[in-house]
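Dear colleague,

I am passing this structure on to you, together with some notes on its aromatic residues, one of its strands and two loop positions. Please read the notes with the structure open beside them.

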Amino acid sequence: MSAEKGTIFLGVDEKTWGKEGTGWVDYDPEFECTGGSSDPKDRHCPHVLKSTDDMGLNHSGREGRLLHVNLASFRDPLCPRTLKYMFTKAKRPQDIRVRVLQQSIPEEDVDCLGGYCQMMAELRNETGGGDTSKGGPAGKDCPHRDQVFIHQIHASEAAGPTFARGLIGIDMLKAFEEKKISQQDFCMSTDSHMDFEPEWDERMVEMWDLTGNEYAVLSTYVANIDQLGQNLNGVHEVPHLCMVTFTSQVRTHATKCARNLIKPKLTNAIWGAGLSFSKCHAELKVPVDPHTPGIFDGEEFNRAARFWTHGYDIYTPHRVYVLHDYPGSQHNPKTASWGHGKFTSADLQNAYYRLNTLLDMPGGESDPEKALVLKRSKYGLGDRRSLGKVILRRHICWYIFSVSSKLFLLLNADDLIQFSGIDLRHKRVTIDGKNRCGNIQWVPFAEHPKGVNFIPRYNDTTEEPLDIPYDKTSVWYNPQIDGVGAGLVSRVAKSKVEEDPAIVQKKNAEDEAAGVAHKNEAKELARGNLSDEHKALSDTLRSKDSEVQQLPEVGHKEVISNAAAAALKAEQMENEIHMFPPLLRGTDNGIPKGRFHFTPIQLVSKHGVQHLPLQVQLSVLMMVIGIFAAVIVSVGNNNTSTSKSKKRG
């Protein structure tokens with residue numbers, strides 16, 4: 001099978017996806033903007049870099065931009081070799097900066113940087129010096145040593161991949177504050193047992209430019225190292241992430257493939273931890289959550305949801321220039337033993353509870369106001385798109401439901417759930433039986449008024465947002481609170497006075513109209529020929545198309561040792577689960593000790609209607625609407641009667 005712009009394999013599961021959701025389909029890049037419509041009004045393309053945000057740099061290419069590489073390493077003897085290949089095969093090694101979270105037993109394990117320097121010394125002796133690709137300049141002890149930053153912790157203090165990557169995220173934010181990282185630099189997160197194609201650094205940037213999307217994140221399960229220098233099956237076959245399964249959490253699953261793609265393909269927000277490449281503003285806005293010890297399943301979709309709600313889009317690379325040593329890493333009992341780290345079943349259960357709350361999955365916090373505290377926090381969801389957007393509105397039915405003198409109605413605009421097709425709330429792989437591995441349309445959003453380089457600020461202790469009130473383009477915007485002005489401490493409306501029903505109704509109508517207006521504004525901003533310059537660039541870069549390889553992988557198969565047993569025990573625990581669990585480490589590792597402390601807010605009682613069965617909730621809602629209408633009619637009649645009485649008098 002061949003097609004001009006590539007083909008995508010959807011799978012063979014007709015039971016789940018039907019006949020139309022299986023087999024091969026032709027890739028249509030224009031569908032990402034048009035959704036298949038020929039009407040110009042339906043054309044919405046991703047945001048490109050604006051002149052006001054370019055920091056004086058070219059809108060494409062690597063000139064003036066560093067490349068920051070993040071590696072989480074657990075007792076990995078292949079880490080030194082990864083650094084060697086990374087620098088010796090790069091086109092511009094002098095512009096690479098590497099951060100390694102090294103979790104090791106110093107007296108037993110090889111040091112990543114020390115081992116790299118030894119390898120480079122041996123290479124220099126073999127080659128007699130020369131350029132970096134041959135061992136570095138003659139006489140230089142360890143080329144690029146000052147470009148590698150090691151964050152060392154003892155292996156016994158390890159608590160899983162998200163904890164490790166979370167520490168790197170904290171290091172990156174510190175480096176950003178010290179002006180060592182720019183939002184317009186490039187960032188790549190990968191593993192510590194990798195190999196690279198020649199000039200991989202330049203090729204990754206060129207591939208990212210092909211997306212024509214300033215908010216693009218390239219991510220996949222990369223090929224095994226035995227595919228180095230090969231064109232898989234002669235059709236540039238690459239792995240394509242687009243499906244999940246449910247274990248204790250939601251897990252990336254059933255990797256599909258694509259062939260001969262002319263550019264990276266937009267996915268339904270499925271992200272793989274093995275490779276993530278983007279502008280650094282993405283990593284700075286969406287750092288990995290370090291408060292989820294022991295988490296393996298659940299890491300990837302959690303990050304994907306946070307990326308997507310911040311406005312970022314996940315793309316399948318159409319070529320892979322970074323490769324993974326699966327045999328070398330998975331067959332080493334040391335590197336697979338992180339499950340013996342310093343976390344308990346209670347820690348793991350709290351982590352599950354945190355992830356479930358964030359993704360609206362069963363087992364999370366059922367109190368919507370309390371859940372919103374987490375969703376708006378530093379490691380919560382973004383405010384450009386919604387997961388299932390929760391809007392709290394005050395109604396006049398306090399005399400029916402006495403819940404802090406208010407009744408809250410939850411209105412969900414399930415942007416991510418609809419886009420990904422995953423039924424998170426019922427832990428089902430599909431909401432409608434439609435396979436989203438094929439052509440899908442980009443979802444418009446309004447950029448932050450301060451631009452793509454704006455990095456939100458949070459309280460160091462509570463992790464609550466500091467940039468409030470929210471602006472009108474935010475999904476968290478509430479005119480009854482944010483419209484009051486700056487300097488708010490609580491997200492709860494101050495007034496408890498019963499308002500006139502007509503005023504309440506008018507405010508709610510204005511709120512809803514504002515939401516529609518902002519969504520239309522986002523579409524208008526995305527409409528038209530905003531990506532013309534990137535199309536021109538794409539045509540140029542395609543002419544330089546390289547011969548590279550890919551191998552679809554079923555997924556990571558790390559052995560988690562006793563972590564699996566801890567997970568099972570955690571699921572059986574009946575002790576109290578804390579919404580905001582104790583932090584795991586002391587200040588030596590960059591995370592303060594203690595618990596989360598959030599500004600006190602009024603919480604809805606857990607005896608509210610949201611805990612009733614769906615049928616009962618619908619019945620209650622219909623009753624409330626009926627009473628609401630009756631009150632309005634009654635008020636209207638009373639006003640009419642009063643008016644007539646005055647006239648008679």
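Which backbone oxygen does the side chain of Thr22 reach at 2.9 Å? Bearing in mind that this is a predicted model, the answer is the backbone oxygen of Lys19. Thr22 itself belongs to the loop between α1 (14–17) and β2 (24–26), and with a relative accessible area of 13% it falls under the 20% limit, so Thr22 counts as buried. If residues up to four places away in sequence are set aside, Thr22 touches Leu10, Gly11, Val12, Asp13 and Glu14.

A second loop residue deserves a similar look. Met243 is found in the loop between β9 (238–240) and β10 (244–246), and it counts as buried at 10% relative accessibility. Once its neighbours within four places in sequence are left aside, Met243 is in contact with Leu10, Trp17, Arg251, Thr252, His253, Ala254, Lys256, Ile270, Asn435 and Cys437. The C-alpha atom of Met243 is also separated by 8.2 Å from that of Arg436, although these two residues are 193 residues apart along the chain.

Turning to the aromatic residues, the structure holds eleven aromatic pairs. In one of them, the ring centres of Phe186 and Phe277 are 5.6 Å apart and the planes meet at 20°, which is under the 30 degrees that serve as the limit, so this pair is described as stacked. Because Phe186 lies in strand β6 (residues 186–191) and Phe277 in strand β14 (residues 275–279), the pair ties together parts that are 91 residues apart in sequence. Both partners are buried, Phe186 with a relative accessible area of 1% and Phe277 with a relative accessible area of 0%.

Another stacked pair is formed by Trp308 and Phe419, with 5.2 Å from centre to centre and 20° between the planes. This pair, too, links distant parts of the chain, since Trp308 is in helix α8 (residues 299–309) and Phe419 is in helix α12 (residues 415–420), 111 residues apart. Trp308 and Phe419 are both buried, and the ring of Trp308 has a further partner, in that the charged end of Arg385 sits over it, 4.4 Å from its centre. A comparable arrangement involves Lys89, which lies over the face of Tyr85 at 4.8 Å from the ring centre. Separately, Tyr215, Trp271, Phe307, Tyr312, Trp442 and Phe445 form one aromatic cluster.

The last part concerns strand β15 (residues 313–316), where Asp313 and Tyr315 point one way, Ile314 and Thr316 point the other way, and all of them are buried. Such a pattern may be read against the general rule that in a regular strand the side chains alternate between the two faces of the sheet. Strand β8 (residues 216–219) runs parallel to β15 and is joined to it by three bridges, whereas strand β13 (residues 265–266) runs antiparallel to β15 and is joined to it by two bridges. Which residue of β15 is the bridge partner of Leu218? It is Tyr315, and Leu266 likewise stands opposite Tyr315.

With best regards

Note on methods:
Residues numbered from 1 in each chain as written. Predicted model: local features only at pLDDT ≥ 70, side-chain atom pairs only at ≥ 80, totals over all residues. Heavy atoms only, no water. Phe/Tyr/Trp six-rings, centres within 6.5 Å; stacked < 30°, edge-to-face > 60°. Helix = DSSP H or I, 4+ residues; strand = E, 2+ residues; numbered from the N terminus. Buried < 20%, exposed > 50% of the residue type's maximum accessible area, 1.4 Å probe, protein only. Lys NZ or Arg CZ within 6 Å of the ring centre and 35° of its normal. Pairing = 2+ DSSP bridges. Polar contact = N/O pair within 3.5 Å; in protein donor to acceptor, adjacent residues only side chain to side chain. Contact = heavy atoms within 4.5 Å.
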